[in-house]
Amino acid sequence: MDVLDGSAVITAPARFHQLTRTVRSLGLGALTLDSLTRLLGRNENWTARTDQGFELFLKRLTGPRPAALRRFRRSAAFQATASKAGFRSWRSPEYLGGDEQDGLLVFRALTGAVGANTLVQDDRFHTSLSRRMGRGVGELHACKVAQDADAEQVGGIGGRLQALTLAEYAEASGGELEVWTLMQHDKPLRRALEALDRRTADAPKVPSHGDLRLDQFLLVGADELHITDWEEFSRMDAAVDLGSLVGEWLHRAATLMFADVEFAADQPAARIHEDLVAKGERELERIRPFVSAFWSGYLDERGPVDPDLAVRVTAHAGWHLFDRMMAGAMVRPYLSTMERGIAGIGRNALINPDDFVETIGLIRDGE
C-alpha cells in the first residue's frame, strides 16, 4: 500500500520495480527507492533519482487504455515536432523515453521550476513574461512541421444541452445536475454554444497544446521558459488554446469580484448590483494588461490571423468559466452563489463575444 508522507506519497515496491525496469531500459540506471516520491495529479506523477545521478520526472498516464494510448502517442508526436521545429522562445522538459504499453513518459526533472500560476498568486507575475508566453504559443501555432499530430474536433457541447443520457444523469452529482439544468433551460446560451461549435469546426487548424493553462508554463531561473504536458497535442482551432488561457484570467477576475463581498441586510438590490459591477470593472482593469501583453506577443510571433479569431477566443474564454464550474460541481451537492455569478459573466462573453473582445484585453498594447 502507499504510505502518505505530507503532500507526497512513497509507493509500494511493486510500482518501484516496474518503474525501474523502464528507466533501466533507457540507459539511465536504477531508481533509488528513497528518492521515489509520488505527486498529486490526475495521472501517476513521480519524481526520482537514479544511481547514475539522473533527476527524473515520470508520468504514467491513467484512465481507459484507448484514451491513455492516444495521449501517449500525441505526446510522442509533439516530441517529434519539437525536434524538427527548434522552437526559439521556449522549451519543453527534456524527454528521455517511455513505455507505450505502460503509458509511462520519462523526462529530465526541472530543478527549481515555478509555475506561472504560482507567480500570479504571489503577485510576482509581470507583463513581460505574459508577452513571452504569448510569443511561445504563437510560435507553436505557426509551426509548419506538425503534420504527425491528429486533427482534434473540439466542441460539440451545444448538442449535449438537449438532454443527458440515463447513465450521465445517474452518475451526476447534485451540483452537476444544477449546472446542466441551468444551461439546458437557457435558450440564448444554447444558441451561442451551438454557434461556437460551428465556428470552431470551420476555423483553420493549427498545431495546438490542447489543454493550455497558466500552470503549464514553468519558469526556471530568471529566463528559461518551458511549456509542459503535451498529451492533448493535436491540430485544432487556435482559439481553443487561447481561450483556455484567457479564460483563466477572466475566471480570476470574476472570482475576486465576488470574494469578500459583504452587504447590509437593508441595502437596495440596485446598489448591490452597482457595487458588484464597479468591483468587477476594477478586477478586469487588473488583468487586462496581462491579457493584452499575451495577445500582443502572440500576434507578433504568429503573424496574420483570421479576422474572427479574437471573437472566438472571447467565446471560448466565456466557456472556460462554465467548464470550471462543471469541474467543481462534480464534488458538490449544489452550486454556490459565487459560482452562479461567475457563470453569468461567462454567459455574457459567450452570447455577446464581439462586445467583450476589448473588455477582456484582446487588443495590442497601447491601442
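Here is a short chat about two helix topics and one loop residue in this model.

Student: Before we start, what kind of model is this, and how are residues numbered?
Tutor: It's a predicted model, where local features need pLDDT of at least 70, side-chain atom pairs count only at pLDDT 80 or more, and totals for chains, interfaces and linings use all residues. Residues are numbered from 1 along each chain as its sequence is written, and side-chain values use heavy atoms, leaving out hydrogens and water.

Student: OK, where does glutamate 232 lie?
Tutor: In the loop between strand 11 (224-227) and strand 12 (234-237); strands are DSSP runs of E, at least two residues, and helices runs of H or I, at least four, numbered from the N terminus.

Student: Is glutamate 232 buried or exposed?
Tutor: Buried, because its relative accessible area is 17%, and buried means under 20%, exposed over 50%, partly exposed in between (1.4 Å probe, protein chains only).

Student: And what does glutamate 232 touch?
Tutor: Leaving aside residues up to four places away in sequence, its contacts (heavy atoms within 4.5 Å) are Arg42, Arg70, Arg71, Arg74, Ser208, His209, Gly210 and Asp211.

Student: Switching topic: which residues are buried in helix 4?
Tutor: Among them are Leu129, Met133, Val137 and Leu140, plus Glu139 and His141.

Student: How many residues has helix 4, and what's its reach?
Tutor: Helix 4 (residues 127-141) has 15 residues and reaches 21 Å from first C-alpha to last, close to the 21 Å expected, taken as 1.5 Å times one less than the number of residues.
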